[in-house]
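Subject: A structure for you to look at

Hello,

I am passing on the structure we talked about, and I would suggest opening it beside this email while you read. Please take your time with it before going through the notes underneath.

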Amino acid sequence: MRTSNKFTLTRVIMAPVVFIVYNIPVWFHIPNGNIISILSMCLAIPLLAAAELTDYFDGFYARRNNEVSDFGKMFDPFADVFLHLSMFTCFVFAGYMPIVCYVLILYREFSQNFLRMVAAKSGTAIAARKGGKVKTVFYVASCFVAFIQETIKRAQLDALWGIEMDLLKYVGWAFFIVCTVLAYTSFIDYLKNFGKILKEQM
């Protein structure tokens with residue numbers, strides 16, 4: 001396996017790991033303030049950061065080692081979506097992400113995946129475009145904003161420091177709303193550039 005694809009695969013593998021680590025206190029009803037609840041976030045945050053870093057390294061090694069391939073162009077965005085939808089699922093149930101944003105992003109990502117499959121069948125591998133990359137940056141930022149909120153809650157810092165959690169919640173919602181807008185803006189860009197393939201297949 002190519003080095004770049006190894007990093008991408010690592011991101012896919014780490015997605016369920018972060019998901020499980022985050023949700024252990026939720027599944028076992030461990031209260032906030034408990035050491036296990038706090039340790040869960042202390043592990044989940046660096047794990048997510050490491051998973052996100054693989055997105056940089058797979059691109060770096062693909063260019064450095066001349067490993068850019070049609071497979072990599074499809075595998076990389078798949079890994080991104082796999083990781084971020086795993087995290088978004090956590091945030092919807094925690095109330096950090098508006099459910100309407102989650103559903104709309106699901107629709108977008110499934111539609112984008114369908115477009116990639118149709119294009120691949122026609123011999124065209126759709127690589128991530130600039131708009132898609134900007135969208136991914138906001139996906140990452142939104143994940144960490146939600147992680148900060150959950151860490152404050154589990155460590156009970158809101159009561160200790162007098163933090164207004166409702167205000168933080170609305171800030172987090174704003175991030176996810178921007179994510180949704182960028183997701184559809186980039187999807188329209190993909191349709192403009194590759195929609196002809198859909199028309200030909202239809």
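The notes below cover the nonpolar residues, first on the inside and then on the surface.

Please keep in mind that this is a predicted model. Its largest nonpolar core has 28 residues, and those with the most contacts inside this core are F88, F91, M97 and F147. At least two residues of the core come from each of the helices α1 (3-27), α2 (35-64), α3 (70-94), α4 (99-121), α5 (130-154) and α7 (165-201), while the largest share, seven residues, is supplied by α3. If you would like one residue to start from, try M97, which, when residues up to four places away in sequence are not counted, touches F88, F91, V92, Y102, I105, W173 and F176. There is also a second, separate core, made of nine residues, and V118, I126, F187 and F194 are among them. As general background, nonpolar side chains in soluble globular proteins tend to be buried together.

On the surface, a nonpolar patch is formed by I20, I24, V26, W27, F28, I35, I36 and L39, which together have about 770 Å² of accessible area. Both α1 and α2 supply at least two residues of this patch, and α1 gives the most, with four residues. Is W27 buried, partly exposed or exposed? This residue, which lies in helix α1, has a relative accessible area of 45%, and because that value falls between 20% and 50%, W27 counts as partly exposed.

Best wishes

Technical notes
Residues numbered from 1 in each chain as written. Predicted model: local features only at pLDDT ≥ 70, side-chain atom pairs only at ≥ 80, totals over all residues. Heavy atoms only, no water. Core = buried A, V, L, I, M, F, W, Y, C linked by side-chain atoms within 4.5 Å. Buried < 20%, exposed > 50% of the residue type's maximum accessible area, 1.4 Å probe, protein only. Contact = heavy atoms within 4.5 Å. Patch = residues over 30% accessible without salt bridge, like charges linked within 9 Å, V, L, I, M, F, W, Y side chains within 5 Å. Areas by Shrake-Rupley, 256 points an atom, 1.4 Å probe, with all protein chains shown as cover. Salt bridge = Lys/Arg side-chain N within 4 Å of Asp/Glu carboxyl O.
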